[in-house]
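Colleague: Please take one part of this structure and describe it closely. Then set it against the rest of the chain.

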Amino acid sequence: MTVTEPTEPILRVEHLATGYDDLQVVWDVSLEVRPGRLTALLGRNGAGKTSTLRAISGLNRLTGGTVELAGEDVSRLPPHRRVRRGMAYVQEGKRVFHRQTVEQNLLLGGYGRRRAALRPSVDKVYDLFPVLAERRGLLAGAMSGGQQQMLAIGQALMAEPSLLLLDEPSGGLAPVIVAEVMDRVAELKRTGLGILLVEQAVEAAVAVADDVALLDIGRVVLTAAAQDVADPAVLRDAYFGRTAPVPAKPLSRNELA
Ligand SMILES: Nc1ncnc2c1ncn2[C@@H]1O[C@H](COP(=O)(O)OP(=O)(O)O)[C@@H](O)[C@H]1O
Ligand SMILES: [Mg+2]
């Protein structure tokens with residue numbers, strides 16, 4: 001973690017709480033994402049990672065706390081207005097249109113934008129994911145899981161976001177493919193995009209992260225600079241509850257009140 005902050009966070013979440021009807025599942029999530037940086041939100045199955053992303057995107061109602069996008073409080077805005085302000089959300093499970101081609105999927109991702117403005121966005125996605133350029137005329141459903149995940153990310157990028165919320169891009173993929181997808185995600189940071197990456201694949205996520213937040217039963221229990229997470233395997237074991245100490249030093253900046 002650098003001592004001076006080069007830029008203001010693109011996303012600032014403070015004491016976020018959310019749930020479903022009367023069921024509260026997230027009590028206290030505070031985290032930040034800076035432009036060109038990646039924050040990994042880690043936690044075991046059921047910890048509340050997806051619920052947190054849904055609340056940040058506006059799909060779930062906040063029952064407490066705030067969501068700030070580029071310094072603006074968007075906590076009460078509907079999802080589509082958060083998208084228009086630069087927030088893109090890739091939901092769990094590689095949601096692409098199987099019976100549309102790769103390029104049609106990308107164009108659909110730019111829905112609502114002027115058609116003439118879409119071409120440069122499509123070309124940018126192809127630069128980032130050459131495999132999609134090669135398969136532009138192929139039906140999305142004919143591609144591998146890893147390629148579909150890249151397409152799902154490409155679709156989100158068609159909105160030209162400044163913040164990308166990514167829910168478990170490793171889900172259901174073989175380890176070697178996970179590495180490839182993470183490699184592309186790391187590349188995305190270089191475009192200046194801020195990324196909030198939700199993962200159960202701790203080691204793969206920490207490898208591309210700048211900051212790490214650990215979620216357990218709806219609360220962030222640890223935040224750290226990724227470089228201070230000396231051994232992600234120990235972190236993984238700690239959050240699965242197999243060993244006690246977490247070998248990362250908490251950041252004073254991000255420490256919960
Ligand atoms: N649509 C829903 N209705 C009621 N409870 C839900 C719903 N979705 C998730 N939950 C519950 O919320 C908790 C957190 O789930 P989730 O946010 O999906 O966790 P994660 O993404 O970390 O696996 C779990 O106990 C889950 O059963
Ligand atoms: Mg989930």
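**The first hairpin and its surroundings**

Modeller: Strands β1 and β2 run antiparallel and are joined by seven bridges. Two strands are said to pair if DSSP finds at least two bridges between them. Strands (E, at least two residues) and helices (H or I, at least four residues) are DSSP runs, numbered from the N terminus. The model is a predicted one, in which local features need pLDDT of at least 70 and side-chain atom pairs count only at pLDDT 80 or more, while totals for chains, interfaces and linings use all residues. Residues are numbered from 1 along each chain as its sequence is written, and chains are lettered from A and ligands numbered from 1 in the order in which they are written.

Within the hairpin, glycine 19 stands opposite glutamine 24 of β2. Two residues separate the strands, and aspartate 21 adopts a positive phi near 50° there. Aspartate 21 belongs to the loop between β1 and β2, and its positive phi occurs in a residue other than glycine. With 6 other C-beta atoms within 10 Å, aspartate 21 is exposed. Here a residue is exposed if 12 or fewer other C-beta atoms lie within 10 Å of its own, buried if 20 or more do, and partly exposed in between, the C-beta atoms being placed from the backbone.

β1 itself covers residues 11–20 and contains histidine 15. Although not a glycine, histidine 15 has a positive phi of about 50°. It is partly exposed, because 15 other C-beta atoms lie within 10 Å of it. β1 also has a second partner: β4 (residues 62–69) pairs with it in the antiparallel sense over six bridges. In that pairing, alanine 17 stands opposite glycine 64 of β4. As a general rule, side chains in a regular strand alternate between the two faces of the sheet.

The hairpin leads on to ligand 1. Around this ligand are Tyr20, Leu23, Val25, Gly43, Asn45, Gly46, Ala47, Gly48, Lys49, Thr50 and Ser51, a residue being near a molecule if its C-beta atom, placed from the backbone, lies within 6 Å of it. Both β2 (23–33) and α1 (49–57) supply at least two residues of this shell, and α1 gives the largest share, three residues. Sorted by class, the shell has six polar, four nonpolar and one charged residues. In this scheme Ala, Val, Leu, Ile, Met, Phe, Trp, Tyr, Cys and Pro are nonpolar, Asp, Glu, Lys and Arg are charged, and the others, Gly among them, are polar.

A second hairpin comes later in the chain. β9 and β10 (residues 219–225) pair in the antiparallel sense over six bridges, and leucine 214 has leucine 222 as its bridge partner in β10. Two residues lie between these strands as well, and isoleucine 217 in the turn has a positive phi of about 45°. Aspartate 216 is part of β9 (residues 211–216) and is partly exposed, with 16 other C-beta atoms within 10 Å. Aspartate 216 is also linked in space to an early part of the chain: its C-alpha lies 9.3 Å from that of valine 26, although 190 residues separate the two in sequence.

The wider chain has nine helices and 10 strands. Of its 257 residues, 44% are buried. Among contacts with a separation of 6 or more, 68% are between residues 24 or more positions apart; two residues are in contact if their C-beta atoms, placed from the backbone, lie within 7 Å.

The largest nonpolar core holds 72 residues, of which Leu164, Leu165, Ile195, Leu197, Ala205 and Val212 touch the most other members. α6 contributes the largest share of this core, six residues. Domain 1 (7–86 + 163–257) and domain 2 (94–160) both give residues to the core, so it lies between them. A nonpolar core is a set of buried Ala, Val, Leu, Ile, Met, Phe, Trp, Tyr and Cys residues joined through C-beta atoms within 7 Å, and the domain bounds come from an automatic or database domain assignment. Leaving aside neighbours within four places in sequence, leucine 165 is in contact with Leu53, Ile56, Ser57, Met87, Ala88, Tyr89, Val90 and Leu196.
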